[in-house]
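Okay, can everyone see the screen? I'll put the model up and then walk through a few places in it.

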Amino acid sequence: MHLMAQRGKDGNYTASGTGNIVNTYTFLNSNAIAGATNIVVGSNAMSGGAFTGNLAAGDLILIIQMQGATLDVNVTPTVTWGGTYTVPDAWITGALAWGAQPWTWGQVTNYNACGKFEMAEVRAVSGSTNITLNCGLQNSYTISGKVQVIRVPRFNNLTLNSSSNIVPPNWNGTTGGIVAVEVNGNVVFNSGSKITANGAGFRGGSTTVPSNQVGFGGTCSAHTNGTGNGSTQVGSSVAGEGGRKGEGIGGYVTEYDLIYSGYGRGAPGNGGGGGGYQNCGGGGGCNVGAGSYTGKGVPSTTFANAVW
């Protein structure tokens with residue numbers, strides 16, 4: 001006889017206090033095509049969170065591809081002309097005059113599998129990396145696009161006590177940033193409680209000079225006396241052309257560097273562009289503390305009084 005667990009198999013759950021993480025996370029370790037009933041992951045144990053044991057038959061998982069979109073970035077000036085910058089394709093083809101509508105740089109030309117997701121019920125777990133599904137996948141997934149596999153608790157009832165919350169771990173480039181639950185019965189929110197992933201998603205631009213100061217917005221700000229001219233290229237391989245760009249559906253540092261565009265003011269997809277000076281915030285401003293400020297990077301003085 002073959003028995004399968006049903007909705008509500010993880011029982012009732014009550015969240016108290018803050019920082020409750022109910023999911024567990026791994027990542028797809030091999031490309032998967034639509035219709036496949038087996039996936040290979042980093043680890044199929046997926047214990048912890050709201051769970052008392054390892055992943056097993058009847059459990060629910062969420063599969064989601066985080067990145068992999070294609071952006072409008074033409075690398076001809078860098079690769080062919082020996083420059084240090086990239087441009088929108090329309091500047092090369094002549095569809096736009098050179099320098100016109102710079103915001104077209106980095107726009108999404110193809111989402112590919114980015115953003116695709118689905119729920120799947122587990123039929124079996126084998127070895128340390130294999131998960132067999134009850135039904136074939138609805139979508140195809142590409143591991144270069146950072147595909148998460150998230151174990152979803154199957155609660156009967158979910159209660160959040162006053163001022164409590166359920167959150168995910170921060171996205172680290174491989175996993176995190178998402179909360180997912182299945183509730184068969186009732187979800188009860190008491191005063192001040194919430195389920196939130198606010199601030200846990202894609203990361204701001206990384207700094208190019210180590211610092212103990214942290215900035216906010218599309219790009220992190222963390223360096224005084226930054227280089228740059230305040231009117232940088234939209235995409236560049238040179239740190240002197242501005243701050244690093246924020247993460248988005250088109251990638252992050254590694255992916256931007258592959259298209260010679262880690263720096264500069266252009267916004268890659270839904271990621272923030274860098275500021276006009278090295279390590280200067282672009283997509284949301286930078287932390288400016290008390291004291292004099294030149295407009296380049298962040299002053300080394302306290303940043304208790306942030307300017308947004």
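Let me start with a small one: where is the place of Ser163? It's in the loop between β12 (158-160) and β13 (165-166), with helices (DSSP H or I runs of at least four residues) and strands (E runs of at least two) numbered from the N terminus. I picked Ser163 since its phi is near 65°, a positive value in a residue other than glycine.

Some housekeeping. This is a predicted model, so local features need pLDDT of at least 70 and side-chain atom pairs count only at pLDDT 80 or more, while totals for chains, interfaces and linings use all residues. Residues are numbered from 1 along each chain as its sequence is written, and side-chain values use heavy atoms, with hydrogens and water left out.

On confidence: pLDDT is the predictor's own per-residue confidence, from 0 to 100. The chain averages 86, and 81% of the residues score at least 70. Two stretches to treat with care: over residues 284-291 the pLDDT is below 50, though the model gives that stretch 33 contacts beyond near neighbours in sequence. Residues 297-308 are also below 50, with 41 such contacts. A contact here means heavy atoms within 4.5 Å.

Overall, we've got three helices and 17 strands. Of the 308 residues, 42% are buried; buried is under 20% relative accessible area, exposed is over 50%, and partly exposed is in between, using a 1.4 Å probe and protein chains only. Among contacts with a separation of 6 or more, 72% come from residues 24 or more positions apart.

Now the sheet. It's an open one of six strands, antiparallel, in the order β2-β10-β4-β8-β9-β3. Strands pair if DSSP finds at least two bridges between them. At the edges stand β2 (24-27) and β3 (38-40), each with a single partner strand, so each has one side without a neighbour in the sheet. The twist averages 40° from one strand to the next; axes for that are lines fitted to C-alpha atoms, for helices over the stretch in contact, with angles from 0 to 180 degrees between N-to-C directions.

β10 is the strand I'd look at. On one flank, β4 and β10 pair antiparallel over six bridges, and Leu62 stands opposite Ile150 there. On the other pairing, four bridges join β2 to β10, again antiparallel, with Val149 as the bridge partner of Thr26. And how many residues of β10 are buried? Six of the six, so the strand is largely enclosed by the rest of the structure. Both faces are covered, with Val147, Val149 and Arg151 on one side and Gln148, Ile150 and Val152 on the other.

That takes us to packing. A nonpolar core is a set of buried Ala, Val, Leu, Ile, Met, Phe, Trp, Tyr and Cys residues joined through side-chain atoms within 4.5 Å. The largest has 17 residues, and Ile131 and Val149 are among those with the most contacts inside it. β4 (60-65), β8 (117-126), β9 (130-133) and β10 (147-152) each supply at least two of its residues. Apart from it lies another core, of ten residues, including Tyr25, Ile150 and Trp171. As for Ile131, its contacts beyond four places in sequence include Ile39, Leu55, Ile61 and Val122.

Next, Gln65, in strand β4. Is Gln65 buried or exposed? It's buried, with a relative accessible area of 3%. A polar atom of its side chain lies 3.0 Å from the backbone nitrogen of Thr142. That's a polar contact, meaning N or O atoms within 3.5 Å; within protein one must be able to donate a hydrogen and the other to accept it, and residues adjacent in sequence count only if both atoms are side-chain atoms. Gln65 also touches Lys146, among others.

Lys146 lies in the loop between β9 and β10 and has phi near 60°, positive in a non-glycine residue. At 23% relative accessibility, Lys146 counts as partly exposed.

Last stop: Ser261, in the segment after α3 (253-258). Ser261 is buried, at 1% relative accessible area. A polar atom of its side chain lies 2.7 Å from the backbone oxygen of Ile259. Further off in sequence, Ser261 touches residues including Val73, Trp105, Lys245 and Tyr256. That's my tour, thanks.
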